[in-house]
Amino acid sequence: MSNQITLLISSGNGPGECQQAAGQVLRLIAQDAAHHGLSIDTVLTPGRNGPKSAVAVINGPQSDQFAARWLGTIQWQARSTLRSHHKRQNWFVGVFTLATGQGTTIIDPADVSYQTFRAGGPGGQHQNTTDSAVRATHRPTGLTAVARDERSQHRNKAQALKQLQDLANAKDAAARSEAQQSANQHHHALARGNPIRRFKGPAFKEVDIT
């Protein structure tokens, strides 16, 4: 069992509606992670109508088991809000694991700024009584990470710095995948006839797979 897993959420080569769906999927994964007491850091590759892809680094006990419920093709059934006369009503997003290692981006602590705030742990657990939670921002890249699990501000700063490096490594891994066209293999691997989860309508409400 792993305490960290990195996911690639991809709209593939799909149109803007798939980018909208990718944004919704990322939102739900983040909410689900918080509900299970897991932390999540993300970085997006923006498109015109939402993320073309997103990388999510998830940390916490049994994060791999959590991620397993999202891995595969996700279907969104809805009329297009971008093209009113378009007949297609099925849009697809892929969620894949992304192997990471040391990337080319090294987070220099001198380039990181910190903001402290009062917040509970993931999912609202373990409410802090002091402003010990930390949001770290790497100024050259704009990457951000939040650490709130420790009571000590110093420890949360150290944890946030580690999360920034993990996120930078994941971003570099996604870029390598793009360059090696393995991301395109992911794009084409969207098994549109075999979704693992299905959502419906503008509210992106989950429905049973039938």
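What percentage of the 210 residues of the chain count as buried? The figure is 44%, where buried means under 20% relative accessible area, exposed over 50%, and partly exposed in between (1.4 Å probe, protein chains only).

The model is a predicted one, in which local features need pLDDT of at least 70 and side-chain atom pairs count only at pLDDT 80 or more, while totals for chains, interfaces and linings use all residues. Residues are numbered from 1 along each chain as its sequence is written, and side-chain values use heavy atoms, with hydrogens and water left out.

**Overall layout**

The chain has four helices and 10 strands; helices (H or I, at least four residues) and strands (E, at least two) are DSSP runs, numbered from the N terminus. Read from the N terminus, the order of elements is β-α-β-β-α-β-β-β-β-β-α-α-β-β. Among contacts in the chain with a separation of 6 or more, 64% are between residues 24 or more positions apart; a contact means heavy atoms within 4.5 Å. The exposed area of the chain is about 10900 Å², of which carbon and sulfur atoms supply 48%. Accessible areas come from the Shrake-Rupley method with a 1.4 Å probe, and for residues only the protein chains shown count as cover.

**Q19 in helix α1**

Helix α1 spans residues 16-35 and includes Q19. Q19 is buried, at a relative accessible area of 10%. Its side chain reaches the backbone nitrogen of N49 at 3.0 Å. Apart from neighbours within four places in sequence, Q19 is in contact with S11, G47, R48, N49, G50, P51 and K52.

**The β7 and β8 hairpin**

Strand β7 (residues 133-138) pairs with β8 in the antiparallel sense over five bridges; two strands pair if DSSP finds at least two bridges between them. R135 has V146 in β8 as its bridge partner. Four residues lie between the strands of this hairpin, and G142 takes a positive phi near 80 degrees.

In a regular strand the side chains alternate between the two faces of the sheet. Strand β8 (residues 143-147) has L143, A145 and A147 on its covered face, and T144 and V146 on its uncovered one.

**Salt bridges**

A salt bridge is a side-chain nitrogen of Lys or Arg within 4 Å of a carboxyl oxygen of Asp or Glu. By this rule there are four salt bridges, including those in the table.

| Pair | Closest N to O | Relative accessible area |
|---|---|---|
| D32 and R69 | 2.6 Å | D32 13%, R69 37% |
| K162 and D166 | 2.8 Å | K162 42%, D166 14% |
| R197 and E206 | 2.9 Å | R197 13%, E206 38% |

What does the salt bridge of D32 with R69 tie together? D32 lies in helix α1 and R69 in the loop between α2 (63-68) and β4 (72-77), so the pair ties together parts that are 37 residues apart in sequence. D32 is buried, whereas R69 is partly exposed.

K162 and D166 are four residues apart in helix α3 (residues 153-179), which separates them by about one helical turn. K162 counts as partly exposed, and D166 as buried.

In the pair of R197 and E206, whose side chains meet in a salt bridge, R197 counts as buried and E206 is partly exposed.

Definitions and conventions:
Polar contact = N/O pair within 3.5 Å; in protein donor to acceptor, adjacent residues only side chain to side chain.
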